[in-house]
Amino acid sequence: MVTIVVVLLLTKKWVITAAHCIKGATTSSLTVLAGTNDIKNGGVKYYPEQFFIHSRYDKPSFANDVGLIKLTESITFTDKVKAIEYDYHLVPDGAVIRLTGWGRLSAGGPIPDLLQTIDLNYVNHEDCQKFYGPNNSVDVGHLCTFLGKGQGACNGDSGSPLVYQNRLVALTNWGVPCATGVPDAHCRISYYHDWIRTTINSNK
């Protein structure tokens with residue numbers, strides 16, 4: 001069975017996702033689909049050449065949950081397929097961040113055919129930790145968002161991009177599925193900016 005993973009393009013040959021989406025996978029088991037908002041129609045398929053997972057990725061806590069995929073061939077950019085800048089700046093208080101993905105519409109609910117978007121409020125690190133208490137998995141590499149109960153990331157959104165001012169600021173990592181009334185935690189791109197840049201430049 002082939003899994004289609006829709007991720008964010010950083011360059012013509014590199015895409016980014018959550019590490020837990022590719023950990024244990026083989027390059028032959030995964031396909032990258034570009035150029036469509038309909039999971040069942042359109043788009044062009046591309047194939048992985050190699051996976052790169054952060055060396056300190058930890059599954060139980062979803063720490064350092066970031067990975068890169070180098071493709072076998074360059075993606076053709078069009079008006080529908082473009083790379084996005086990944087940001088090294090911190091997200092300011094009061095920011096509204098857009099999540100895009102094909103996650104379930106509710107816990108145990110249907111998987112949509114069409115790409116979904118939702119605008120979420122940024123929650124700063126200290127406030128996010130307060131939601132989860134002292135023994136939580138929210139670390140400095142996470143960025144949190146919250147809007148309200150029933151509104152947020154869900155199963156299937158893992159690795160999906162969160163964008164602020166047209167720049168990638170986070171990747172969906174984990175939450176209490178789905179949108180149960182506490183913030184979702186995402187991989188904060190600014191924290192991993194150097195790892196992303198170094199990995200790409202060292203493996204051309």
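**Exercise 1. How many salt bridges does the rule count come to?**

*Task.* Working on this predicted model, find the salt bridges and describe where the partners of three of them sit.

*Solution.* Step one is the cut-off, since a pair is accepted when a side-chain nitrogen of Lys or Arg lies within 4 Å of a carboxyl oxygen of Asp or Glu. By this rule the count comes to 7 salt bridges.

Step two takes Lys40 and Asp113, whose closest N and O atoms are 3.6 Å apart. The pair links distant parts of the chain, with Lys40 in the loop between strand E4 (30–34) and strand E5 (44–46), and Asp113, 73 residues away, in the loop between strand E9 (96–101) and strand E10 (116–123). Lys40 counts as exposed at 63% relative accessibility, whereas Asp113 is partly exposed, with a relative accessible area of 33%.

Step three turns to Asp119 and Arg98, where the closest N and O atoms are 2.7 Å apart. Because Asp119 lies in strand E10 and Arg98 in strand E9, this salt bridge ties together parts that are 21 residues apart in sequence. Both partners are partly exposed, Asp119 with a relative accessible area of 34% and Arg98 with one of 42%.

Step four considers Asp127 and Lys130, which form a salt bridge with their closest N and O atoms 3.9 Å apart. These two residues are 3 residues apart in helix H2 (residues 125–132), so about one helical turn separates them. Asp127 is partly exposed, at a relative accessible area of 33%, and Lys130 counts as exposed, at 65% relative accessibility. Elsewhere, Glu85, Asp87 and Arg167 are joined into one network by salt bridges that share partners.

**Exercise 2. Which domains does the assignment give, and what lies between them?**

*Task.* Set out the two domains, then describe their contact by its residues, its buried area and its polar pairs.

*Solution.* Step one is the assignment itself, which gives domain 1 as 8–83 + 192–202 and domain 2 as 96–190. The C-alpha centres of the two domains lie 19 Å apart, and the contact takes 20 residues from domain 1 and 21 residues from domain 2.

Step two concerns area. Domain 1 and domain 2 bury about 1,500 Å² between them, and 63% of this is on carbon and sulfur atoms. On the side of domain 1, Leu8, Asn37 and Tyr192 together supply 31% of the area buried against domain 2, which is more than any other three residues.

Step three looks for polar and charged pairing. Between the domains there are 8 residue pairs in polar contact, counted where both residues have pLDDT of 80 or more. The rule finds 1 salt bridge across this interface.

Step four describes the face of domain 1 that touches domain 2. Strand E3 (14–17), helix H1 (19–22) and helix H3 (193–202) each supply at least two residues to that side, and its residues divide into 11 nonpolar, 6 polar and 3 charged.

**Exercise 3. Where is Phe51 found, and is Phe51 buried or exposed?**

*Task.* Place Phe51 in the secondary structure, classify its accessibility and list its contacts beyond the nearby sequence.

*Solution.* Phe51 is found in strand E6 (residues 48–53). The cut-off for a buried residue is under 20% relative accessible area, and Phe51, at 17% relative accessibility, therefore counts as buried. Once neighbours within four places in sequence are left aside, Phe51 is in contact with Ile22, Ala25, Thr26, Thr27, Leu30, Leu68 and Ile69. Val176, by comparison, is 125 residues from Phe51 in sequence and 27 Å from Phe51 in space, C-alpha to C-alpha.

**Exercise 4. What is the phi of Phe62, and what is that of Gln165?**

*Task.* Give the phi of each residue, then its loop and its accessibility.

*Solution.* As background, most residues other than glycine have a negative phi. Phe62 has a positive phi, near 55°, and is found in the loop between E6 and strand E7 (67–71), where Phe62 is partly exposed, with a relative accessible area of 21%. Gln165 also has a positive phi, near 50°, and is found in the loop between strand E12 (161–164) and strand E13 (167–174). Gln165 is exposed, with a relative accessible area of 61%.

Methods
Residues are numbered from 1 along each chain as its sequence is written. This is a predicted model: local features need pLDDT of at least 70, side-chain atom pairs count only at pLDDT 80 or more; totals for chains, interfaces and linings use all residues. Side-chain values use heavy atoms; hydrogens and water are left out. Domain bounds come from an automatic or database domain assignment. Contact means heavy atoms within 4.5 Å. Buried area is the accessible area (1.4 Å probe) that two parts lose on being put together, summed over both. A polar contact is a pair of N or O atoms within 3.5 Å; within protein, one must be able to donate a hydrogen and the other to accept it, and residues adjacent in sequence count only if both atoms are side-chain atoms. Helices (H or I, at least four residues) and strands (E, at least two) are DSSP runs, numbered from the N terminus. Ala, Val, Leu, Ile, Met, Phe, Trp, Tyr, Cys and Pro count as nonpolar, Asp, Glu, Lys and Arg as charged, and the others, Gly among them, as polar. Buried means under 20% relative accessible area, exposed over 50%, partly exposed in between (1.4 Å probe, protein chains only).
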